[in-house]
Amino acid sequence: MTFPDGFLWGAATAPHQIEGNNVNSDWWVREHRVPGMERSGDAADSYHRYPEDMRLLAEAGLNSYRFGIEWARVEPSPGHVSHAALAHYRRMIDTALGLGLTPVVTLHHFTNPLWFSEAGGWLAEDASERFAAYARAAATILEGVPWICTINEPNMLGLMVAMGRQAQAGQSPEWSSPTVEDVRRSVLPAPDPEVGRRLVEAHHAVRDLLRQHTDARVGWTVANNAFTATPGNEDRLREERYVREDLYLEAAREDDFVGVQSYSSQAVDEHGVVPHPPSPDNTLTGVAYRPDALGLAVRHTWETTGGVPVLVTENGIATADDTRRIAYTREALGHLSAAMAEGVDVRGYLHWSALDNFEWGHWKPTFGLIGVDRETFERSPKPSLAWLGRTARAGTPT
């Protein structure tokens, strides 16, 4: 289980989950309107403490950090670009580069500016143009960034958009605000292909724009559930895969890379996706403990995209037991290495997550390599961070 020189070893975050006080976003408003939903609040205060977070990753031995630019901060009202916000994210890029961390920058990670959502969001006629205008502004600070993700998990985003539309129509009030983890562990309707096609259109427009204005490799990341068929249900598997994943993977065929995001695996029977069965081994988000899912995910992505290079942009486990986190990650890397030995071109592994953070409606699931005190914001690196750093330095799990 040896990984090549130049392999990216790092960790990932999302701005809304760690920055704090993202008050111009639709998620901030949602947190304050939906009864029972926990609030992000100050989050991990990484908007101010990002130098410490990056330093901890670099000192541990990692060589990459995936983080996001928050659209709601850059464009808090339509057409108004905050140059102060852009300067902040440029400082983050410079800090990463100065520490020897290759920045992997994400432009959209689930959250929208409130004004964008109120104007129809991704279903508005001018959604693609609005997103492209934001990306054009962001491109002015992306010099030296070698990897850009346009949209994080468009298949998950498409599902949440479709369910929000159903909720507004009174068709599914109980899902007026599904959390990401609710969606992952539940058997819910597949993303609306109409929404998916809108996101594909936006992705392609922004991909081409970024290729013109930056030297980065450009792609997007897809949530991969590593679906498998129960006996005799291969046709149903193909149907479920297409609307839930393959529509988005096929859209990546002309990209420079595709981000694979894998946590667990689910079966498909004649009725569709099978729920994760209850088990004491399930993670804090209710999903099955399946480190083998990463190998299944990268193989399927490689096959479906026709050989687009893969970057593992998220893989991890929600657990309070850090020994279990190390065991899960070691086994996942074994399956990743086996897929690479079969010819899958994988450029790096970015663990989810760098920090324990706000998990889209609740705080209990802990994915982080670094613990965070929510009152003092003191950082507490876990043994898993040191372990992953040693793995990065050695090029093989220790």
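Visitor: What makes the contact between Arg66 and Glu314 a salt bridge?

Guide: In this predicted model, the side chains of Arg66 and Glu314 meet at 3.2 Å, N to O. A salt bridge requires a side-chain nitrogen of Lys or Arg within 4 Å of a carboxyl oxygen of Asp or Glu, so the pair qualifies. The two residues come from distant parts of the chain, with Arg66 in strand S2 (residues 64-68) and Glu314 in strand S10 (residues 310-315), 248 residues apart. Both Arg66 and Glu314 are buried, and a search of the whole structure finds 19 salt bridges.

Visitor: Why are Arg290 and Asp292 called partly exposed?

Guide: Arg290 has a relative accessible area of 27% and Asp292 one of 22%. Buried means under 20% and exposed over 50%, with partly exposed in between, so both residues fall into the intermediate class. Their side chains meet in a salt bridge of 2.8 Å, N to O.

Visitor: How do you know that Asp345 and Arg347 are partly exposed?

Guide: The relative accessibility of Asp345 is 25%, while Arg347 has a relative accessible area of 30%. Each value lies between the limits of 20% and 50%, and therefore each residue counts as partly exposed. The side chains of Asp345 and Arg347 also form a salt bridge, at 2.8 Å from N to O.

Visitor: Which residues are linked in a network of salt bridges?

Guide: The network links Arg236, Glu239, Glu240 and Arg244.

Visitor: Why is Asp246 said to have no salt bridge?

Guide: Asp246, which is found in helix H11 (residues 234-250), is buried, and the nearest side chain of opposite charge, that of Arg241, is 5.4 Å away. A salt bridge needs a distance within 4 Å, so Arg241 does not supply one. A polar contact of 2.7 Å does join the side chains of Asp246 and His300; with residues up to four places away in sequence not counted, Asp246 touches Arg241, His300 and Thr304.

Visitor: What makes the 2.7 Å between Asp246 and His300 a polar contact rather than a salt bridge?

Guide: The distance of 2.7 Å lies within the 3.5 Å allowed for a polar contact. His is not counted as a charged residue, and the nitrogen of a salt bridge must belong to Lys or Arg, so the pair is described as a polar contact.

Visitor: Why does Arg325 count as buried?

Guide: Arg325, in helix H13 (residues 322-341), has a relative accessibility of 1%, which is under 20%, and therefore counts as buried. A polar atom of the Arg325 side chain lies 2.8 Å from the backbone oxygen of Thr319. Leaving aside neighbours within four places in sequence, the contacts of Arg325 include His351, Phe367, Lys382 and Ser384.

Visitor: Why is H3 called roughly parallel to H5?

Guide: The axes of helix H3 (residues 46-60) and helix H5 (residues 83-98) come within 10 Å and cross at roughly 10°. Angles under 35 degrees count as roughly parallel, and so H3 receives that description relative to H5. In this packing, Tyr47, Tyr50, Pro51 and Met54 in H3 meet residues of H5, among them His88, Tyr89, Arg91 and Met92.

Visitor: What makes H3 oblique to H14?

Guide: H3 and helix H14 (residues 383-394) pack at an angle of about 50°, with their axes 8 Å apart. That angle is neither under 35 degrees nor within the range from 65 to 115 nor over 145, so H3 is oblique to H14. Leu56, Leu57, Ala58, Glu59 and Ala60 in H3 meet Leu385, Gly389, Arg390 and Arg393 in H14.

Visitor: How do you know whether Leu57 is buried or exposed?

Guide: Leu57, which lies in helix H3, has a relative accessibility of 0%; because this is under 20%, Leu57 counts as buried. With residues up to four places away in sequence not counted, Leu57 touches Ala11, Leu62, Tyr65, Ala354, Ile370 and Leu385. The C-alpha atoms of Leu57 and Pro381 are separated by 9.2 Å, although these residues are 324 residues apart along the chain.

Visitor: Why is Pro78 called partly exposed?

Guide: Pro78 is found in the loop between helix H4 (71-74) and H5, and its relative accessibility is 46%. The value is not over 50%, as exposed would require, nor under 20%, so Pro78 counts as partly exposed. Pro78 touches Trp115 and Arg130, again not counting residues up to four places away in sequence.

Methods
Residues are numbered from 1 along each chain as its sequence is written. This is a predicted model: local features need pLDDT of at least 70, side-chain atom pairs count only at pLDDT 80 or more; totals for chains, interfaces and linings use all residues. Side-chain values use heavy atoms; hydrogens and water are left out. Helices (H or I, at least four residues) and strands (E, at least two) are DSSP runs, numbered from the N terminus. Buried means under 20% relative accessible area, exposed over 50%, partly exposed in between (1.4 Å probe, protein chains only). A polar contact is a pair of N or O atoms within 3.5 Å; within protein, one must be able to donate a hydrogen and the other to accept it, and residues adjacent in sequence count only if both atoms are side-chain atoms. Contact means heavy atoms within 4.5 Å. Axes are lines fitted to C-alpha atoms, for helices over the stretch in contact, and angles run from 0 to 180 degrees between N-to-C directions.
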